Amino acid sequence: MLNMVWLVPILPLIGAFLNGGYSFSGKKLVRPLVHTIACGAILGSFLVTLLTFIHFLGLPSEERSVTVTLFSWLNLTNVKADVAFLIDPLSLVMMMIITGVGSVIHIYSIGYMSHEKSYARYFAYLNLFCFAMLCLVMGSNLLILFVGWEGVGLCSYLLIGFWFHEKKNAVAGMKAFLVNRVGDFAFICGTMLLLWSLVSVGQGTVTYTELKGAVHLLTNQTVMGFPVLTVVTLLFFIGATGKSAQIPLYVWLPDAMAGPTPVSALIHAATMVTAGVYMIARLNFMYSLAPDTMNVVATVGYATAIFAASIGFTQNDIKKVLAYSTVSQLGFMFGAVGVGAYTAGVFHLMTHAFFKACLFLGSGSVIHAMSGEQDMRKMGGLKDHLPITYKTFLLATVAIAGIFPFAGFFSKDEILWHTFNKEPVLWCVGVLAALGTAIYMLRLVAMTFFGACRADEKTKHHIHESPATMTIPLIILAFLSVCGGLLGIPEALGHLVGWEHSNLLESWLEPVFAGPHHEVEAGHTMEYLLMIFSLGVALGGCYLGYTLYTRRQDIPERFVRRFPRLHRLVENKYYVDEIYQKFIVDNLLRLNQWLALFDQKVIDGIVNLTGSITKVGAFISGWFDRVFVDGLVNLSANLTLQGGRGLRLAQTGRIQDYLYVVVAISLLILFWRFS
Amino acid sequence: MHFPYLSFMTFFPLVGMLIIGLMPSHRADCIKKVALFTTLPPLVAAIGLLMHFDKANAGLQLFEGPYAWIPAFHIQYYMGVDGLSLVMLLLTALVCPICILASWGIEKSPKGYFALFLLLDSAMMGVFSSLDFFLFYVFWEVMLLPMYFLIGIWGGPRREYAAVKFFLYTLLGSVLMLLVMLAFYFYSDGNTFNLVTLANQQTHLGPLKGEHFRHLCWLGLFIGFAIKIPAFPFHTWLPDAHVEAPTAISVILAAVLLKMGIYGILRICYPILPDATVHFGTLMAVIGVINIVYGALCAMAQKDFKKLIAYSSISHMGFCLLGMSSFTPEGLNGTVLQMFNHGTITAQLFLLVGVIYDRAHHRDLEGFGGMAQIMPRYSAMTAFAFFAALGLPGLSGFVSEVLCFLGGFRSFPIITVISVSGVVLTAAYMLWTYQRVFLGQVNEKYKAFSDITARELTTLIPLVIIVVVLGVYPSYILDLMNPTLVALGKTLTDLKIAGL
């Protein structure tokens, strides 16, 4: 099975190539052909992944790590990197999510994009994205990871700006790419530092399997007084804050909602934005050796979780709420990996992929029904019109809120449990963020599906449930949101029913994360207590959210009137975009103008000045040459000429004149001689 | 005895030039065809050269000569290739036919244009194959003449200013080079211009005594070559020359001529004056980072499409300087690969600007908008070239940039970290340009524009293929040059370590 695994990324690439060429050729659009190619490619990938997964299940856990090398990419003295895939439990989980959720979203897109002119271009981008994302998670070394890392950034740029005839969308795409490049800057620096530090201890490599055995050699190395590993891991983490939308580089993600909704579901919720979490999980052996970085990761993660959740309360665009919710949930994942609970982080990554994709696709279904309207203030009462969308959306909401036994409960609870053991303060932040999540999600549901419909008559008239290509994906994802959590039932619960290794995901990922993070944990009693507590919080949040935005809408309104400043601050997303614009972008643009002027006036000015000075010098020397040097020559010529002219007067040709002269001269001589 | 590939590649274009010279000037179509078919045999020869070339051999090979040329002064006709020059010859042989195709629309006295172009082609090949400094110098100077006329006659409104500026600036560099060349000649054992002999003399131990004198020689050569790169602060001729030059001449200028600066340093300064090279390593790195960051920032402020790309060239050539200043195998490989990649990528950029200029007759970045809806295929090609230029992984530019950074980081970590900010800035000006020209609202004025033509596509497709192939499998080029560059880097690294 493993010699086929290269097909997993290649199939979507071929699909992208075919549809891209089709779009480029400008031939008449045949929609079934386009989506058969695109969906066929990704379903093929899913199938191969599934077969590989089944093959792996049959292997003993220590053999579940295989490197499939295609060819050597760079083979220089110190830098060696192959185009190779590392297939292990972690990459398989990611591959399953990408190809599985990817397939579902491809199918959904058939319905959602059915009126789109650039149908082939859309599917080409979507397939290309899957290729890049699969490279990212399958690559066996940091360079291939980076290829995928930038590749998904490209596709994200292309898809956010898919409807590029509106400047707003084009700018959002550009913003996403550039903010990510800032993160990439750190990532490149981190890679360089890591590589050369390893070269200096004689172990230069960027391949994970070799890194795992080599990084401990760096524990005592420092760079500018800081431990190398701390610096490297921090730089990588900065890269992750770009891709995974964490403070301070999260600003691109809410704007990225300008793209088509299935794209938001696939790229900006389920897969691409989790790349940072994957990267840290992949490099867990390095992060575990850098405790300071781990603290930073956990802190930034939880700070982002609560920060984004607070913004989620005030947004009225249905997709924007989900975007901030994604930022917040990604914060939870970073919180998890930051406290060393890598499995929990990956678990939440997976469940989040299910329920957030379901929520986004559900919102897409709503937007589709509302003729493109995204403002929740103009929705309401949709639950009767869109029964399937409503039910699936509600299930996913319950899952994200963390109600037992839906998927989000298990993953979030596992994270909070590990955080409690490590850092109780962060646990408090996490619980607050979880409470917030439950409230704003119920607010979303209430505003969209409950109450009276606030849409205008024309829109109201058009409201209809989406076609089967869209509702079936919703049902699949809702099912996964409900049951996905069963893959990671905590041992404490499994214990109750006499199931020893109930956390299937943990035992599956154990070979990857086996390491020095086995701290002594509090007993099961504490775990039960916390579990009940967080369930209570989730239920309370849901009740609060439901009540505040259906029956007691006066309470939030009064709150807004009471604290208008605070509300405005949060509603405007704490003015972070404005601050970046004012302090970074504007100054950069000013600097450009100034430098261009400097280049033109000073540097080129010197060149032109040199030219002018030479010209002046040439003019002076020309003048000198003309007046003096040539003057002298002309003077001598003139003298001769004038002399000749004078003397010519004597040449009269008359003999008498000559005789006069002879006589006169003779007389003069005589006179002189005898006087 | 092997086929004299190098002499053939160098002098075959002259045959075409003679034929064109004998043709009646009104037969423009025939002239173009002759020009095109004259540039193809050297391309075939270049492939032959590639087949013949022994990759495992780090040194020079496939020699032609040395034959005595002017025996009284020990001037020889001496040619040969190593990994470094082979890559440059391949690039030149590839770009020339593309430029001829891109010049198909030339209407003003095509006879003169194509004759001069072939002369330029010949001189460029000569520069990259010469192993005798005098011969090198002759080709170097011969290159100036056709370039001067090609810009000065077929250029834009300020063509005369640009042509004179280009000519004088380069000539200034040549004079410095001439002085150093004579110094080499008079101070070498047995008075020679032979670059191989000069390199083997180990000048730092033997003839060119006096450290200061060697440093002076190095600086003279460096300034001469830096003007060509162009390195800060000698770069201001480039935007003017690019803006005024016709499309194909911009392509050849960016793709091949700029490479001669770096090539000259690697071919002459590095082997002949190794200790001075080590001494000035930091200087090169500093100029490199200035080129990268300053060039990118200036590019961002430009309003003229061609000027923007000219500044991006300055920025991209900075990567070469940074990579080569590190003396590491990674850095040197990155430098030469970056030279090749910049050749293929920037050629595309200039060709693409030419496409829109031919239709709109202006290049004002603010004057377009929404072109992606009017010319979708053209926009797709431009997007590809832009992403290649901003170093998207999977395309060739990424590999060379990363190698330059990796190499540079070993020797100059801080400078390199500053340089890496170039990846953010490059993305910023490229995407901003793309957004202004291609995205957003359609500009009604240009609604009737036709999309890219088959001929225009033909000039781009080979370059696109190369950019993709080298991005996925850079070893095609790296394997050719790695042994040569590893050997070159080792000499310098050893010296550097010995000096410390």
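Q: A crossing of two helices is left-handed if the near helix is turned anticlockwise from the far one by less than a right angle, and right-handed if clockwise. Which hand does the crossing of α1(A) and α4(A) have?

A: It's left-handed, so going by that rule the near helix is turned anticlockwise from the far one. Keep in mind that this is a predicted model.

Q: What makes α1(A) and α4(A) parallel or antiparallel?

A: The axes of α1 (residues 7-25) and α4 (residues 119-138) of chain A cross at roughly 155°. The cut-off for roughly antiparallel is over 145 degrees, so α1(A) and α4(A) count as roughly antiparallel to each other.

Q: How do you know that the axes of α1 and α4 of chain A come together, and which residues make the contact?

A: The two axes come within 7 Å. On the α1(A) side the contact includes A:Leu13, A:Ala16 and A:Tyr22, while α4(A) brings residues such as A:Phe123, A:Leu128 and A:Phe131. By class, this contact has 15 nonpolar, five polar and one charged residues.

Q: Why is helix α25 of chain A said to lie in the open?

A: A buried residue needs 20 or more other C-beta atoms within 10 Å of its own. Of the eight residues of α25(A), 564-571, the number that are buried is zero, so the helix lies largely in the open. After α25(A) comes A:Lys573, with a positive phi near 55°.

Q: Why is B:Pro4 called buried, exposed or partly exposed?

A: B:Pro4 has 16 C-beta neighbours inside 10 Å. Buried takes 20 or more and exposed takes 12 or fewer, so B:Pro4 falls in between and counts as partly exposed. It sits in the segment before α1 (5-22) of chain B.

Q: How do you know that β1 and β2 of chain B pair, and in which sense?

A: Pairing takes at least two bridges. β1 (residues 61-70) and β2 (residues 75-81) of chain B have five, in the antiparallel sense. B:Gln61 stands opposite B:Val81 of β2(B). The hairpin has four residues between its strands, and B:His74 takes a positive phi near 55° there.

Q: What makes up the side of chain A that touches chain B, by class?

A: That side has 26 nonpolar, nine polar and six charged residues. Overall, 41 residues of chain A are in contact with 42 residues of chain B, where contact calls for C-beta atoms within 7 Å. The largest share of the chain A side, 15 residues, comes from α6(A).

Conventions: Residues numbered from 1 in each chain as written. Chains lettered and ligands numbered in written order. Predicted model: local features only at pLDDT ≥ 70, side-chain atom pairs only at ≥ 80, totals over all residues. Contact = placed C-beta atoms within 7 Å. Helix = DSSP H or I, 4+ residues; strand = E, 2+ residues; numbered from the N terminus. Nonpolar A, V, L, I, M, F, W, Y, C, P; charged D, E, K, R; others polar. Axes fitted to C-alpha atoms, helices over the stretch in contact; angles between N-to-C directions. Parallel < 35°, antiparallel > 145°, perpendicular 65-115°, else oblique.
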